[in-house]
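Visitor: I have the sequence and the coordinates open, and I would enjoy a short tour. Shall we take it as questions and answers?

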Amino acid sequence: MTVGALIVGAGHAGVQVASSLRDLGYDKPITLVSDERYLPYQRPPLSKTFLTGFAAADTLALRAERYYRERSITVLTDDHLADVTLADVCSGSGTAVTSSGVALPFEHLAIATGASARQLEVPGCSLPGICYLRGLDDAVRLKALLPAAQRVVVIGGGFIGLEGAAFAQSAGKQVTIVEATDRLVARAVPSVVGDFYRTAHQRRGTRVLLGAAVSHFLGEDRVTGVALADGRILAADLVLVGVGAVPRTGLAERLLIRCDQGVLVDSRCRTSNPRIVAAGDCTRAPHPMAPHQLVRLESVNNAVCQGRVAAASLLGMVDHYGSVPWFWSDQGAIKLQMVGTFDCADSHVLRGDPADEKFSILHYRDQRLTGLTSINCSADFIAARKALESGKNIPADQASDPSRRLKDLLAEPALIL
Ligand SMILES: Cc1cc2nc3c(=O)[nH]c(=O)nc-3n(C[C@H](O)[C@H](O)[C@H](O)COP(=O)(O)OP(=O)(O)OC[C@H]3O[C@@H](n4cnc5c(N)ncnc54)[C@H](O)[C@@H]3O)c2cc1C
């Protein structure tokens with residue numbers, strides 16, 4: 001029997017590993033294992049067009065069933081890869097077993113197990129009416145419960161929480177966002193954008209409570225309220241919890257692969273066992289633009305880029321994940337697009353006015369563009385992405401003038417002596 005490649009997890013990363021293996025000429029069997037009951041699908045629309053009804057479940061598939069058939073990629077759905085053993089400790093080959101008892105011998109192994117929604121473990125947390133949003137089943141449940149709800153409490157002011165809040169608000173619900181820190185999306189966006197989000201959601205009628213910790217949930221048969229640590233009680237018919245995602249590292253740990261808040265990989269997506277690769281939300285990797293920094297980038301762009309690199313590494317080819325990261329979030333009419341990084345920046349240029357809900361912030365280090373965050377300014381995002389991908393700069397002293405198009409300002413970076 002010819003053994004081939006086994007890919008655990010069939011999200012954006014796992015599917016990309018499979019299709020890149022074929023693109024690179026791999027001609028042995030490829031098996032993708034997914035513990036979800038659907039063919040691999042896109043997650044971003046779950047909190048956007050799927051909730052609003054613009055996209056039906058059957059339009060979310062990453063690839064048509066035919067795609068896998070034509071490329072001889074076997075997709076095992078609704079089966080959990082429960083155990084895996086290597087032929088020996090240094091090897092990348094071995095045998096895996098699924099919960100339903102299917103044995104899968106493999107010669108190459110890719111871990112693309114993604115992440116799961118972080119659970120809020122407080123008293124009352126298992127009451128019906130408390131929802132999470134990570135997979136299609138979650139989105140179906142949330143969508144079904146929303147029409148009967150009047151008061152919706154969203155716990156967590158990150159992207160998932162804000163997208164859910166925007167949807168509930170646009171459906172005419174009374175929405176309250178409860179965020180434990182003093183800013184919205186504190187980890188992922190600069191403070192100007194966090195402040196902008198707060199104002200924009202409040203302008204639409206959503207209540208935003210910052211610095212507010214949940215102590216427990218109220219209710220008997222189903223949730224009726226959220227109690228905060230400071231004693232306040234928020235009445236609720238429906239609660240959406242969006243307090244982050246936890247990388248699924250269990251399988252990697254079983255293989256004694258190094259994990260620390262994610263499966264640790266290098267820029268070639270190799271784990272501490274260099275014959276086994278990992279890609280996507282389950283990994284923590286060198287930042288493509290700041291290689292000394294280990295980060296977990298939860299984005300489609302990262303999952304796809306890492307999937308490509310991981311496939312090359314499995315075949316002994318050299319490819320490094322060095323592409324410029326980007327991300328988007330849609331909250332009703334507010335479209336955010338980010339590219340590059342703002343973490344290492346030492347100065348920022350604001351272009352446009354947040355009060356108009358149309359602006360960009362350009363991030364600089366030593367006068368060199370490191371990233372851009374834009375709200376409803378796709379042209380700025382495209383120009384900055386082009387600049388960063390081609391190693392060009394957008395001079396900071398000209399970028400603040402919104403009458404000038406950023407794409408006309410692309411310049412070779414000044415030589416720093
Ligand atoms: C609601 C939502 C909205 C989002 N919006 C955006 C957005 O606007 N822009 C953006 O860039 N990103 C967005 N993201 C993030 C993006 O979807 C993820 O970064 C991306 O899906 C990660 O892909 P992945 O393949 O690494 O992991 P996942 O998509 O998590 O796939 C991993 C798969 O592996 C399965 N699995 C895990 N362990 C096993 C096992 N042992 N056996 C079998 N199967 C297993 C999991 O069930 C899952 O199906 C969003 C995410 C969510 C949840």
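**Strands and a helix pair**

Visitor: Which residue in E2 does Ala 5 stand opposite?
Guide: Welcome! Keep in mind that this is a predicted model. Strand E1, residues 4-8, pairs with E2 in the parallel sense over four bridges. Within that pairing, the residue opposite Ala 5 is Ile 30.

Visitor: What is the bridge partner of Ile 30 in E3?
Guide: E2 also runs parallel to strand E3, residues 73-76, and four bridges join the two. In E3, the partner of Ile 30 is Ile 73.

Visitor: Are Ile 30, Thr 31, Leu 32 and Val 33 in strand E2 buried or exposed?
Guide: Strand E2 spans residues 30-33, with Ile 30 and Leu 32 on one side and Thr 31 and Val 33 on the other. Both faces are covered, and all four of these residues are buried.

Visitor: Is the β-α-β unit of E1, H1 and E2 left-handed or right-handed?
Guide: The path goes from E1 through helix H1, residues 12-23, to E2. The hand of this β-α-β unit is right-handed.

Visitor: Is H1 parallel, perpendicular or oblique to H8?
Guide: H1 packs against helix H8, residues 300-314, with the axes 7 Å apart and at an angle of about 40 degrees. An angle between 35 and 65 degrees is neither roughly parallel nor roughly perpendicular. H1 is therefore, relative to H8, oblique.

Visitor: Which residues in H8 do those of H1 meet?
Guide: The crossing of the two helices is right-handed. From H1, the residues involved include His 12, Gln 16 and Leu 21. On the H8 side, the residues met include Val 300, Ala 303, Gly 307, Arg 308 and Leu 314.

Technical notes:
Residues numbered from 1 in each chain as written. Predicted model: local features only at pLDDT ≥ 70, side-chain atom pairs only at ≥ 80, totals over all residues. Heavy atoms only, no water. Buried < 20%, exposed > 50% of the residue type's maximum accessible area, 1.4 Å probe, protein only. Pairing = 2+ DSSP bridges. Right-handed = clockwise from strand over helix to strand, strands pointing away. Axes fitted to C-alpha atoms, helices over the stretch in contact; angles between N-to-C directions. Parallel < 35°, antiparallel > 145°, perpendicular 65-115°, else oblique. Left-handed = near helix turned anticlockwise from the far one by under 90°. Contact = heavy atoms within 4.5 Å.
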